[in-house]
Each structure stands twice: as C-alpha cells, then as structure tokens.
Amino acid sequence: MVQPALARIDAARIAGALLFVAGLVTWLETRGLPRQGYQVVIILWLATVAWDVRRPVREHLVFLRDWWPPFAVLLLYLYSRGVSDNLGILSVSYQWPIDADRWLFGGTLPTEFLQEHLCGVPCRQSMAPAWYDVVLTTVYYSHFFAALAIGAVLWKRNRTAWTGYMRRYLAIMLLSVAGYILYPMAPPWMAARDGYLTSDVARITGRGWFDLTASTRSTTATHATTAQQDLSSIGNQVAAMPSLHSALAIFIAWWVVSHFRSPWRWTVLLYPASMLFSLVYYAEHYVVDEIAGGLLVAVVVVGWALWDRRRKTARADGEELSPDPRTASPSQGSSSPAR
C-alpha cells in the first residue's frame with residue numbers, strides 16, 4: 001500500500017513536471033529553440049525546481065549559488081565571441097583552412113565532396129531532406145544543451161564529480177574564446193559566400209528540421225531561412241577555430257568512457273563521430289577546426305589531471321609533515337614542570 005506522504009510527493013512532482021513542460025513549450029513557441037548556454041542553465045534550474053518542488057526555497061537557491069560561475073563564463077563566451085572579429089588583432093583567415101583540408105585529403109575538400117554526394121550540386125537548404133539529415137541536424141543541435149544537461153545530472157547526484165566536470169567544461173569554453181580572438185577564421189559556408197569556394201557549397205545545418213520549423217503559410221525559401229536561423233547561434237560568425245561543437249562532443253565521450261565501466265560505454269563514440277561528420281557536411285567547419293577542437297580537449301584533460309595529481313601529492317606531503325598529536329612522543333608535547 002502506498003503511503004499517503006509518498007503519494008503526495010509523487011503528485012507534487014508530477015504537477016511540477018507538467019508545469020515545467022508547459023512552460024518549456026510556451027518558451028519554444030514564443031522564443032524559439034534555446035541556443036545560448038545561459039538560457040539552458042536557467043531551464044535546467046527550473047527543471048530541478050520542478051523535480052523537487054516540495055523542497056524549501058533555500059535549497060533551490062543552492063543551484064544558483066553553485067552555478068553562477070558557469071553562468072558568468074557562458075555570458076562572457078557569448079559576448080566576447082561576438083566582438084572578437086572586431087578587435088583587429090588578425091584579419092579573418094579564409095584560404096589557409098581550405099588549403100589545409102585539401103592537403104589532408106589529397107586535393108579533395110571534404111565539405112564539397114560530402115555535399116555533392118549527399119545533397120546534390122548545387123546543395124541548398126530548401127531541398128527535401130534525407131533521413132540522415134534529420135539525424136545529423138538533431139546531433140548538431142544537441143551541442144547547445146548536452147554538456148550542460150550532463151552537468152545538471154552530476155550536480156544532483158555527485159557534487160564532487162560535478163566540480164571536476166565543470167572545471168574542464170569551463171576551461172574548454174575559455175580557451176575557445178582565446179582561440180577566436182587570436183585567430184578569427186571563416187567557416188566553409190562563409191568562404192563560399194565570399195568567393196573563396198564554389199557557390200555550390202551552402203550552409204544547410206537546419207535542413208533536417210525543415211518541416212519542423214517551417215510555417216504552412218511560408219514560402220519554401222522562408223522555410224529554409226527559418227530552419228537555419230533556429231539552429232544558428234548569434235555572435236561572431238568567424239569563431240570557427242577551434243570547433244567548440246567538436247570539442248564538447250569529444251569531451252562528453254571522454255567523460256563517459258573514463259567514468260563508466262560498462263562495455264556499452266564505447267557506443268558514446270558515435271556521438272562525436274556523427275557530430276564531426278555533420279559539421280563538415282553542413283559547411284559549418286573544416287576538418288582542421290575539428291582537429292584543433294580535439295587537441296584542445298586533450299590539453300584541458302591532461303592539464304587538469306596533472307593539476308589534480310599535484311594537489312593530491314602536496315596534500316599527502318602536508319599530512320606527513322604534520323605530526324599526529326595522538327601519536328606524538330612525550331618530548332614533542334608540552335614539557336612537564338621541573339622537579
């Protein structure tokens with residue numbers, strides 16, 4: 001028999017979840033898809049409130065206390081990447097990534113090859129999507145919430161693991177901003193727009209969600225534009241090196257593989273593989289951007305591992321140097337009065 005108190009808690013949780021879903025649907029209808037990290041943090045906080053709706057308000061405010069540093073870094077990322085191309089440190093690079101990708105693939109540019117074989121010539125947003133476009137567009141959009149959602153789960157279940165996870169996540173974000181400022185680079189779709197690549201190459205990121213984002217009264221061209229706008233984040237369009245989409249997908253896969261023991265954990269590698277494929281196919285990034293994103297994750301993971309090891313060693317050395325008063329010899333304690 002279900003206890004009355006448990007029934008009340010379950011009913012309250014269900015009511016909170018329904019209210020949260022209704023609010024989220026209203027947000028999506030009026031504001032569109034959340035594409036910025038700070039928006040996702042707010043949504044995740046409201047989700048934790050809805051899930052534990054009976055907890056005191058002060059406990060819900062703990063989330064804001066713990067998450068304000070990530071929230072601040074996400075705002076910094078948003079606005080700093082939006083002005084990095086105007087700082088004048090370096091001019092926007094167009095040709096080097098094209099030459100680098102062609103060198104890597106024997107004279108073939110992967111974006112041109114994939115769009116020719118999977119989309120057509122010319123490839124356009126308004127063309128009917130294939131089944132793989134739906135999958136790849138979904139994978140692409142998951143970038144905006146996947147890493148933060150994992151962080152929210154860790155925050156609820158294991159605060160120590162959450163701390164380590166968020167330190168690495170935020171390091172990746174901050175180093176990415178530094179890369180965008182030091183080396184502004186045009187992605188393939190922009191290179192095609194400005195004449196560095198054939199005009200047959202197009203930015204088709206929203207193609208897979210064409211039917212979901214289009215209004216029945218809109219023209220085909222407007223359908224495609226709406227789909228693309230719903231999936232493209234605001235800010236600096238030349239923030240391509242390193243690829244943050246690639247970096248976070250690889251980071252998530254590393255975290256799962258290194259923190260779980262089930263043989264099924266290796267299936268998570270499909271996530272970065274499909275993400276990297278979609279970025280090149282959709283003309284969002286070059287392969288060299290993705291390589292840079294992977295190297296960034298490696299630097300952050302190794303750097304934090306060395307830092308944690310150093311702190312652990314220093315803490316152990318400190319404990320060895322500090323005498324334990326319970327085992328100290330009489331001569332180490334206070335001297336007895338002379339007789």
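This short presentation covers the overall make-up of the chain, two of its helices and one threonine.

Good morning, colleagues. Please bear in mind that the model is predicted.

I begin with the chain as a whole. Its secondary structure amounts to 14 helices and 0 strands. Of its 339 residues, 42% count as buried. If we take contacts between residues at least 6 apart in sequence, 82% of them join residues at least 24 apart. The chain exposes about 19000 Å², and carbon and sulfur atoms supply 64% of that area.

I turn now to helix α2, which runs over residues 37-51. Its 15 residues should span 21 Å at 1.5 Å a residue, and the end C-alpha atoms are 21 Å apart, so expectation and model agree. Among the buried residues of α2 are Val-40, Val-41, Ile-43 and Leu-44, and Gln-39 and Thr-48 are also on that list.

Let us consider Thr-48 in more detail. Thr-48 counts as buried because its relative accessibility is 12%, and the cut-off for buried is under 20%. What does the side chain of Thr-48 reach at 2.6 Å? The partner is the backbone oxygen of Trp-45. Leaving aside residues up to four places away in sequence, Thr-48 touches His-60, Phe-63 and Lys-156.

Lys-156 brings us to helix α7, residues 146-157. For the 12 residues of α7, 1.5 Å a residue gives an expected span of 16 Å; the end C-alpha atoms are 17 Å apart, which agrees. The buried residues of α7 include Leu-148, Gly-151, Leu-154 and Trp-155.

To close, I return to Thr-48, a residue of helix α2 that touches Lys-156. Thank you for your attention.

Terms used: Residues are numbered from 1 along each chain as its sequence is written. This is a predicted model: local features need pLDDT of at least 70, side-chain atom pairs count only at pLDDT 80 or more; totals for chains, interfaces and linings use all residues. Side-chain values use heavy atoms; hydrogens and water are left out. Helices (H or I, at least four residues) and strands (E, at least two) are DSSP runs, numbered from the N terminus. The expected span of a helix is 1.5 Å times one less than its number of residues. Buried means under 20% relative accessible area, exposed over 50%, partly exposed in between (1.4 Å probe, protein chains only). Contact means heavy atoms within 4.5 Å. Accessible areas come from the Shrake-Rupley method with a 1.4 Å probe; for residues, only the protein chains shown count as cover. A polar contact is a pair of N or O atoms within 3.5 Å; within protein, one must be able to donate a hydrogen and the other to accept it, and residues adjacent in sequence count only if both atoms are side-chain atoms.
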